[in-house]
Amino acid sequence: MAWFLTKFAHSSNEAVGQIKSNVFASMKQIQKENGELVVLEIGAGTGANFNFFPESSKVLALEPNIHCAKHLQESASAASHVQLLNIIDGSIEDISAEVKDGSVDAVVGTYVLCSVNNTEAAMNEIKRVLKPNGKYYFVEHVRDEYYNSWTHIGQRLMHPIMKVLADCDCAKSTWTFIDRAGFKAVDYRQGEGSEKFPFFLRPHIYGCATK
């Protein structure tokens, strides 16, 4: 899986790099206002997002796959503008022992909520660890908004295969969990991520939510 994530990270950055750049753009303003930028990245994988973080960002990398630790260290070394504070072995549903309340400026998650079992618990943890006015940045593939579309039919057919291969729910209405989480403000776009993705993974949401 760590090998697969390394390959996927490279291809996804090529496919949606501009989307990530746009979504993460306001991090610089947070850093300017707070004097520093502490980021918790959930499902950090192999560190694909490090290159999109501002200069001098401090990163807590949450990743349940212990085999990714080596790749995270390598990515942090390659992205010398980022300081990797810690690699946390765990899942976003409960990190109360590892990350204090109101301790991070931003939470980042890309292509991670599809494999989270308790998404409501994940939203609660994201809100808990964020400082007041902190932001949750996300880029996620989601269920097609048109229930009877060919894309959604394909998603339902591929669902059991993707669960086995990647523990991924490719037909998840992820936006509903973000909308209901109780953020002060939620701003996202819903559309296609990239034509380079398989058709059943193209529906995306991307944006940020403010605590």
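Tutor: In this predicted model, a residue is called buried when its relative accessible area is under 20%, exposed when it is over 50%, and partly exposed in between. Glu36, for instance, has a relative accessibility of 30%, so it counts as partly exposed.

Student: With which residue does Lys58 form a salt bridge?
Tutor: Lys58 lies in strand E2, residues 57-62, and has a relative accessibility of 26%, so it counts as partly exposed. In its salt bridge, the closest N and O atoms are 3.1 Å apart, and the partner is Glu36.

Student: How many residues apart in sequence are the parts that Lys58 and Glu36 tie together?
Tutor: Glu36 belongs to the loop between helix H2 (27-34) and E1, whereas Lys58 belongs to strand E2. The pair therefore ties together parts of the chain whose separation in sequence is 22 residues.

Student: How many of the 11 residues of helix H4 are buried?
Tutor: Helix H4 spans residues 119-129. Its buried residues are Thr119, Ala121, Ala122, Met123, Glu125, Ile126, Arg128 and Val129. What covers them includes strands E1 (38-42), E4 (104-110) and E5 (130-141), together with helix H6 (174-179). The helix is thus largely enclosed by the rest of the structure, the number of buried residues being eight.

Student: Which residue meets the side chain of Arg128 in a salt bridge at 2.5 Å?
Tutor: Arg128, in helix H4, counts as buried because its relative accessibility is 18%. Its partner lies in the loop between strand E3 (82-88) and E4, 27 residues away in sequence. That partner counts as exposed, at 55% relative accessibility. The salt bridge, 2.5 Å from N to O, is made with Asp101.

Student: Which residues are linked with Asp101 in a network of salt bridges?
Tutor: The salt bridge of Asp101 with Arg128 has been described above. The network contains Asp101 together with Glu125 and Arg128.

Student: How many residues apart are Glu120 and Arg180, the pair that links distant parts of the chain?
Tutor: The side chains of Glu120 and Arg180 meet in a salt bridge, at 3.7 Å from N to O. Glu120 is in helix H4, while Arg180 is in the loop between H6 and strand E6 (185-192). Glu120 is partly exposed at 47% relative accessibility, and Arg180 is exposed at 55%. The separation of the two residues is 60.

Student: Lys172 is buried yet has no salt bridge; how far away is the nearest side chain of opposite charge?
Tutor: A salt bridge requires a side-chain nitrogen of Lys or Arg within 4 Å of a carboxyl oxygen of Asp or Glu. For Lys172, in the loop between helix H5 (150-166) and H6, the nearest side chain of opposite charge is that of Asp169, at 5.6 Å.

Student: Which residue has its backbone oxygen reached by the side chain of Lys172 at 2.6 Å?
Tutor: Beyond its neighbours within four places in sequence, Lys172 has contacts that include Cys114, Thr119 and Phe177. Its side chain reaches the backbone oxygen of Val116 at 2.9 Å. The backbone oxygen reached at 2.6 Å is that of Leu113.

Student: Is Tyr111 buried or exposed?
Tutor: Tyr111 is placed in the loop between E4 and H4. Although not a glycine, Tyr111 has a positive phi of about 55°. Its relative accessibility is 13%, so Tyr111 counts as buried.

How values were computed
Residues numbered from 1 in each chain as written. Predicted model: local features only at pLDDT ≥ 70, side-chain atom pairs only at ≥ 80, totals over all residues. Heavy atoms only, no water. Buried < 20%, exposed > 50% of the residue type's maximum accessible area, 1.4 Å probe, protein only. Helix = DSSP H or I, 4+ residues; strand = E, 2+ residues; numbered from the N terminus. Contact = heavy atoms within 4.5 Å. Lys, Arg positive; Asp, Glu negative; His and termini not counted. Polar contact = N/O pair within 3.5 Å; in protein donor to acceptor, adjacent residues only side chain to side chain.
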